[in-house]
Amino acid sequence: RLRTSATDWVKNGDRWMVLGIHGGGDLTVRHTQSGRNVRLPADYVQTSTELGYATTVHTAQGVSVDTMHALASGQETRQQLYTMMTRGALGNHLYLQVVGDGDPHTVIRPELIRPLTPTDLLEGILARDDAPRSATTLLRDMSDPATCLGEATARYADALYVAAEDVVGRDVAQRLEASAERVVQGLTEEPAWPALRAHLFLLGAHGGDPVEQLRAAADQRELDTAGDKAAVLDWRLDDTGLRSAGAGPLPWLPGVPEALRANEQWGPYLAARSARVVDLAEQVRADAETGSGQSPAWAHQGVGRLAGGVLGDAAVWRAAMQVDPADRRPTGPPQMQKAAVIWQRNLDRRLADEGTPALQEWSELIQRTARGVAADDFAPVLAERLASISRAGLDARGLLAAAVAAGTLPDDHAAAAVWWRISRHLSPAVAEQIDQDYALTTSWTPRLTEFLGADRADAAQASPWWPTLVATVDHGLARGWQLEDLLGSGANSPAGDVGDDECLAMVWRMS
């Protein structure tokens with residue numbers, strides 16, 4: 001270590017930030033923890049210091065270093081993350097920004113009211129793809145009714161509240177702003193105040209007095225224990241959450257008040273916006289209910305389809321709420337607005353009653369074995385696979401218990417972690433085939449009929465698990481198993497007794 005003065009010491013391993021370079025090669029640096037400034041002689045800099053360099057992701061492409069430390073905001077794309085995490089030969093470290101930037105104008109954003117976890121941020125980055133897309137692809141995606149419905153819904157709701165504020169007038173708006181602090185001290189500083197303010201304007205468009213409505217809600221019960229007083233008052237203002245306007249173009253959207261319908265400027269505009277939402281919702285519902293083939297990933301249960309009514313309602317909800325297609329939760333992330341919360345809970349119950357028989361059967365065991373896992377987003381998928389393993393004649397209960405006993409489960413995606421632990425006992429059968437756009441044949445494919453019969457062999461080759469079956473058989477042959485033993489063990493159950501997917505059952509028996 002270097003003594004630079006009677007009181008300053010530079011110790012090995014300390015981290016400093018360069019403040020300036022002097023003519024003789026001396027450096028003025030600042031300690032990253034204490035903030036102390038030290039001037040380092042040029043000869044010491046040459047022999048005993050190692051400089052670190054900062055760069056952006058874009059300019060780091062093609063650069064190789066020993067160790068990389070990256071700061072990410074969560075808005076990066078998967079391509080940028082890949083560039084970040086492949087620069088260091090010895091180590092790559094990622095630091096995620098999980099708090100706000102301090103801007104008071106962003107405090108009402110949902111991700112700040114309910115902060116995202118590091119896992120959420122990473123998933124968002126991985127889902128964000130900026131790979132080049134052709135103009136025809138972009139045009140097709142932007143013309144999709146599901147995409148258009150989400151945008152149309154947001155514009156309808158925004159226009160409704162802007163119109164309400166315009167119709168009630170500036171005098172009422174100023175009186176509300178001035179009176180809110182007298183009714184509840186600090187109310188206008190609460191995160192949910194903009195939502196409450198818009199709600200009161202819509203009530204004012206119905207002919208009510210926004211200030212009196214606010215005072216009546218505040219007098220119902222105490223507010224001292226509320227985390228967000230504005231959010232609590234917003235819930236108290238009406239029981240349905242529809243802003244006392246009745247159902248609008250979608251069941252959870254408020255309708256257009258009479259005062260707005262009669263307005264020469266806003267009436268026709270809001271009517272057109274409402275009609276646009278209704279028309280797009282009908283298209284999305286029709287596509288979901290009449291579509292051929294498998295259900296979407298979020299609705300996939302075995303090889304069957306959900307009932308048309310609930311499938312259509314869920315498809316409309318997901319499109320209107322702009323739920324990420326990759327989100328396995330049938331209704332996406334939890335909502336905060338009252339009418340949307342009520343509708344989402346009802347839809348979740350309907351989906352659970354009609355679409356998750358495996359979860360109904362296995363949720364009690366999952367909850368008893370690993371508390372809290374049954375409420376995980378991946379739990380329905382875990383239950384489906386446990387049911388399939390059980391149908392294939394394997395000890396699903398034993399595999400579940402062993403997976404939970406293997407160690408503490410993570411806070412995020414606990415159900416997926418349980419499945420990953422189970423999958424180690426089924427390897428290589430869990431390598432689900434994604435790319436199915438080609439015909440896969442092997443030297444032993446013609447002999448499949450000997451063991452299964454023609455119909456069952458054709459069904460196995462048509463299964464999405466057929467590539468995994470090929471990989472499993474080839475893996476077994478490479479380890480010294482006889483083809484007769486492998487295919488014989490896979491086909492040892494009579495047709496119709498192996499569950500929904502013959503090929504999947506064979507895969508797990510062989511594994």
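This text walks through a three-stranded sheet and a pair of packed helices. The model is predicted: local features need pLDDT of at least 70, side-chain atom pairs count only at pLDDT 80 or more, and totals for chains, interfaces and linings use all residues. Residues are numbered from 1 along each chain as its sequence is written, and side-chain values use heavy atoms, with hydrogens and water left out.

Start with the sheet. Three strands (DSSP E runs of at least two residues, numbered from the N terminus) form an open sheet ordered β3-β4-β5, with antiparallel pairing. Two strands pair if DSSP finds at least two bridges between them. β3 (16-21) and β5 (37-40) are the edge strands, and each pairs on one side only. From one strand to the next, the twist averages 30°. β4 (residues 27-31) is joined to β5 by four bridges. Arg30 stands opposite Asn37 in β5.

Now the helices (DSSP H or I runs of at least four residues). α8 (residues 193-205) packs on α9 (residues 210-220) at about 125°, with the axes 9 Å apart. Axes are lines fitted to C-alpha atoms, for helices over the stretch in contact, and angles run from 0 to 180 degrees between N-to-C directions. α8 and α9 are therefore oblique to each other. Angles under 35 degrees count as roughly parallel, over 145 as roughly antiparallel, 65 to 115 as roughly perpendicular, and the rest as oblique.

Which residues meet? Leu196, Leu200, Leu203 and Gly204 in α8 meet Pro210, Gln213 and Leu214 in α9; contact means heavy atoms within 4.5 Å. By class, this contact has five nonpolar, two polar and no charged residues. Leu and Pro count as nonpolar, and Gly is among the polar residues.
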